[in-house]
Amino acid sequence: MSPRTRRHIALLSPLAFALAFGAYADDLPAPVMRSAATATADAAPSTAAFEAAKARMATDMAAPYTGNADLDFVRSLLPQKQAAVDMAQIVVENGADPDLRHRAEAMAAQDQAEIEWLMGWLEKHGQP
């Protein structure tokens, strides 16, 4: 076999392997990796609080659209802002970094002000 032929085979071998076995990749179960960090995260009170905040947001965002872009925007944004307030409070109560806790307080105050404005908009436009 000539050196040129060997080089072509060497270059094509990875491609042939990928084509041959890549088709079966979707049939393989995804590996489950749990590290000590994951176990620690699962045990932390903040993890349960973050999960609850995210779940509330997902439930509250499930409202059907009305076709009114203004109303749909406000109704979609409110759960996100509330979740941000909730998560900031989790950091304030559980976080270790004083700078981040301070910033979380400021962010929560800003988001709370926006929530109040959005709620006022709903009321002003006769929306529940």
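In what order do the elements of the protein run from the N terminus on? In this predicted model, the order is α-α-α-α-α, and the legends below go from the whole chain to single pairs of side chains.

**Figure 1. Overall view of the predicted model, a protein of five helices and zero strands.** Read from the N terminus on, the elements follow one another as α-α-α-α-α. Of the 128 residues in the protein, 17% are buried. When the contacts with a separation of 6 or more are considered, 59% of them are between residues 24 or more positions apart. A search of the whole structure finds four salt bridges, and several of the charged residues concerned are shown in the views that follow.

**Figure 2. Close-up of the packing of helix H4 against helix H5.** Helix H4 spans residues 69–94, while helix H5 covers residues 98–124. The two helices pack at an angle of about 155°, and their axes are 8 Å apart. Because angles over 145 degrees count as roughly antiparallel, H4 is described as roughly antiparallel to H5. The crossing in which H4 passes H5 is left-handed. Sorted by class, the residues in the contact of H4 with H5 comprise 17 nonpolar, two polar and six charged ones.

**Figure 3. Close-up of the salt bridge between Glu114 and Lys81.** The side chains of these two residues meet with a distance of 2.4 Å from N to O. Glu114 is in helix H5 and Lys81 in helix H4, 33 residues apart, and the pair thereby links distant parts of the chain. The two partners fall into separate accessibility classes, since Glu114 is partly exposed, with a relative accessible area of 29%, whereas Lys81 is buried, with a relative accessible area of 17%. Salt bridges that share partners join Lys81, Asp111 and Glu114 into one network.

**Figure 4. Close-up of the surroundings of Lys81 in helix H4.** Once its neighbours within four places in sequence are left aside, Lys81 is in contact with Asp111, Glu114 and Ile115. Lys81 has a relative accessible area of 17%, and it is classed as buried because that term applies to values under 20%.

**Figure 5. Close-up of the salt bridge between Arg56 and Asp86.** The closest N and O atoms of this pair are 3.3 Å apart. Arg56 lies in helix H3 and Asp86 in helix H4, so the salt bridge ties together parts of the protein that are 30 residues apart in sequence. Arg56 is partly exposed, its relative accessible area being 43%, while Asp86, at 19% relative accessibility, counts as buried.

**Figure 6. Close-up of the salt bridge between Glu51 and Lys54 within helix H3.** Helix H3 consists of residues 45–60, and both partners lie in this helix, three residues apart, which corresponds to about one turn of the helix. The closest N and O atoms of Glu51 and Lys54 are 3.8 Å apart, and the pair counts as a salt bridge because the cut-off is set at within 4 Å. Glu51 is partly exposed, with a relative accessible area of 45%, and Lys54 is likewise partly exposed, with a value of 42%.

Conventions:
Residues are numbered from 1 along each chain as its sequence is written. This is a predicted model: local features need pLDDT of at least 70, side-chain atom pairs count only at pLDDT 80 or more; totals for chains, interfaces and linings use all residues. Side-chain values use heavy atoms; hydrogens and water are left out. Helices (H or I, at least four residues) and strands (E, at least two) are DSSP runs, numbered from the N terminus. Buried means under 20% relative accessible area, exposed over 50%, partly exposed in between (1.4 Å probe, protein chains only). Axes are lines fitted to C-alpha atoms, for helices over the stretch in contact, and angles run from 0 to 180 degrees between N-to-C directions. Angles under 35 degrees count as roughly parallel, over 145 as roughly antiparallel, 65 to 115 as roughly perpendicular and the rest as oblique. A crossing is left-handed if the near helix is turned anticlockwise from the far one by less than a right angle, and right-handed if clockwise. Ala, Val, Leu, Ile, Met, Phe, Trp, Tyr, Cys and Pro count as nonpolar, Asp, Glu, Lys and Arg as charged, and the others, Gly among them, as polar. Contact means heavy atoms within 4.5 Å.
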